[in-house]
Amino acid sequence: MTPIRTDAGVGTDTAAGIELDDLDFWTRPAADVDAAFRTLRENDPRRFFREYDLQGNPREQGFYALTRYEDVVAVSRRPDDFVSGEGVNIFDNPPDLREFFGSIISMDDPRHARLRRIVSRGFSPRMLGNLSGRIEETAREIISSVAERGEIDFVTEVAALLPLRIVNDLMGIPRSEEQFIFEATNVVLGASDPEYVADQSPRGVATALSGKANELAELLRQLAEVRIADPQTDLITSLVVGGSREEVLTPQELASFFILLVGASNETTRNAIAHGLRLLTEHPAERARWQADFEGVAATAVEEIVRYSSPVLHMRRTVAADGVRLGEQEFRQGDKVVMWHCSANRDAAVFEDPDRFDVTRSPNPHVGFGGPGPHFCLGAHLARLEVTSAFRELFRLLPDIRAVGEPQPLRSNFVRGLKHLRAEFTPTRPAGPRN
């Protein structure tokens, strides 16, 4: 057995071969990954891991992996003890990149409270209520555009396009910029995958990230200046126009928030839709239950897709002071704790038969949108609307659509992403407007 670090001294490694920061670990079959987390939950729920760089070389740092539901919820509720301002990824980014790519999720109060208060204006019940019809229309438009083909890459042509288009329309970004934003955000979120960044050296990844960040920032700066000079009815205008300086975003803050907003859509909604089709293909009885009563089952089905797939795998926090405790364990200032939402969502102490996919599961207190506390996902309701609309239109327009072959996973331990997923269906004529 290999000795491992614990704050109580030296423990015994009961999970040899599990390395959560080794990206090769995440290329294993999903069943193997889930089994590894089950081992950790049952035998070593706060295990200390080494960190690795993108090329698999060990770093000096390490982190505690929190794999049980109760620990993830407890840390989420204690932002003063477990802070976000040092970063939400396992690795440490330079402060400027951390703030730019993390925006409000990488901040603590009072800065976090200010930005969340401003951007919350775009996610009020009234704003989202006005958006629901547009989401339905966009889902119908996208799915109708491929209906005659019979075979598609479901990720790039449907699952990724819907949330991206909705966010762009919400912000007031021209459709002509859609392909650029799609490619840029693939780099931002998939920098650890050679399909998106061919040069996986530290310099190559940093160059790719900074390049796309600068291009996105310049686009948002230009759009902000246009809205300041000529206000519109879109989200950009509501964020940069009116009120005191403290109540609007600077162009830099707007660019950072946009990357987070598009990133969150890619992370949660895009992958929930893609994983949803895969899960419904693998579980035909559950699919039949939903299709037989779409509206009656939709709310629980969407929550179960998010729980089961857990698109955002983890969020990191940093211990604020010596002596902070979690249960019986005491931490030191600067210790990293990583909340593995994907593991918490399979905790048998909370979820009955957690490895069963059940579209009518209730209750379902999953942490797929984050744990309770100030950093709970601001766009959770928007994501639910988008996933619901996607499957409503899929079942209506392409009722026999199914995933075919093996999906291509993203090489990442932050996002449980699918890059490509082949889908087949009976071709149909494009649908017109609904009566």
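Biologist: At what angle do helix H7 and H15 pack, and how far apart are their axes?

Modeller: Two packed helices are described by the angle between their axes and the distance between the axes. Here, in what is a predicted model, helix H7 (residues 161–171) packs on H15 at an angle of about 130 degrees, and the axes are 10 Å apart. That angle makes H7 oblique to H15.

Biologist: Is the crossing of H7 and H15 right-handed or left-handed?

Modeller: H7 and H15 cross in the right-handed sense.

Biologist: On to the strands. In what order do the five strands of the open sheet come?

Modeller: Strands of a sheet pair through backbone hydrogen bonds, either parallel or antiparallel. In this case the order is E3-E4-E10-E7-E5, the sheet is open, and the pairing is mixed. E3 and strand E5 (82–83) are the edge strands, each pairing on one side only.

Biologist: How many bridges join E3 to E4?

Modeller: Four bridges, with E3 and E4 running antiparallel. To find the register, look at Phe-48, which stands opposite Tyr-64 in E4. The hairpin of E3 and E4 has five residues between the strands, and there Gly-56 takes a positive phi near 85 degrees.

Biologist: Why is strand E3 described as largely enclosed by the rest of the structure?

Modeller: Count its residues: E3 covers residues 48–52, and four of the five are buried, so the strand is largely enclosed by the rest of the structure.

Biologist: And in which sense do E7 and E10 pair?

Modeller: E7 and E10 pair in the antiparallel sense over five bridges. One place to check the register is Arg-316, which stands opposite Val-338 in E10.

Biologist: Let's do rings. How many aromatic pairs does the structure hold?

Modeller: A pair of aromatic rings is described by the distance of the centres and the angle of the planes. The structure holds 15 aromatic pairs. Take Phe-25 and Trp-26: the ring centres are 5.2 Å apart and the planes are at 85 degrees, so this pair is edge-to-face. Phe-25 is buried at 2% relative accessibility, and Trp-26 is buried too, with a relative accessible area of 9%.

Biologist: Which pair would you show me next?

Modeller: Tyr-64 and Phe-331. Their ring centres lie 5.1 Å apart with the planes at 80 degrees, so the pair is edge-to-face. The pair links distant parts of the chain, 267 residues apart: Tyr-64 is in strand E4 (residues 58–66), while Phe-331 is in the loop between strand E9 (329–330) and strand E10 (336–340). Both Tyr-64 and Phe-331 are buried.

Biologist: Which residues form one aromatic cluster with Phe-25 and Trp-26?

Modeller: Phe-37 and Trp-340 join Phe-25 and Trp-26 in one cluster.

Biologist: Where does the charged end of Arg-307 sit?

Modeller: For this feature, look for a charge above the face of a ring. The charged end of Arg-307 sits over the ring of Phe-351, 5.3 Å from its centre. There is also Arg-346, which lies over the face of Tyr-308 at 4.0 Å from the ring centre.

Biologist: Now the backbone. Which residue is joined to Pro-110 by a cis peptide bond?

Modeller: Omega is the angle to read. Asp-109 is joined to Pro-110 by a cis peptide bond, with omega about 10 degrees. Pro-110 is in the loop between helix H3 (95–102) and helix H4 (111–119). The bond from Ser-362 to Pro-363 is cis as well, with omega near 0 degrees. Pro-363 belongs to the loop between helix H14 (341–344) and helix H15 (380–397).

Biologist: What is the phi of Ser-310?

Modeller: Ser-310 is not a glycine, yet its phi is positive, about 45 degrees. You'll find Ser-310 in the loop between helix H13 (294–309) and strand E7 (314–319).

Biologist: Is Ser-310 buried or exposed?

Modeller: Ser-310 is buried, with a relative accessible area of 1%. Now look at Asp-353, whose phi is also positive, near 50 degrees. Asp-353 is in the loop between H14 and H15, and with a relative accessible area of 42% it is partly exposed.

Biologist: One last stop: in which helix does Pro-251 lie?

Modeller: Pro-251 lies in helix H11 (residues 251–282) and counts as partly exposed at 35% relative accessibility. For a contact along the fold, compare C-alpha positions: those of Pro-251 and Leu-220 are separated by 6.9 Å, with the two residues 31 apart along the chain.

Notes
Residues numbered from 1 in each chain as written. Predicted model: local features only at pLDDT ≥ 70, side-chain atom pairs only at ≥ 80, totals over all residues. Heavy atoms only, no water. Helix = DSSP H or I, 4+ residues; strand = E, 2+ residues; numbered from the N terminus. Buried < 20%, exposed > 50% of the residue type's maximum accessible area, 1.4 Å probe, protein only. Phe/Tyr/Trp six-rings, centres within 6.5 Å; stacked < 30°, edge-to-face > 60°. Lys NZ or Arg CZ within 6 Å of the ring centre and 35° of its normal. Pairing = 2+ DSSP bridges. Axes fitted to C-alpha atoms, helices over the stretch in contact; angles between N-to-C directions. Parallel < 35°, antiparallel > 145°, perpendicular 65-115°, else oblique. Left-handed = near helix turned anticlockwise from the far one by under 90°.
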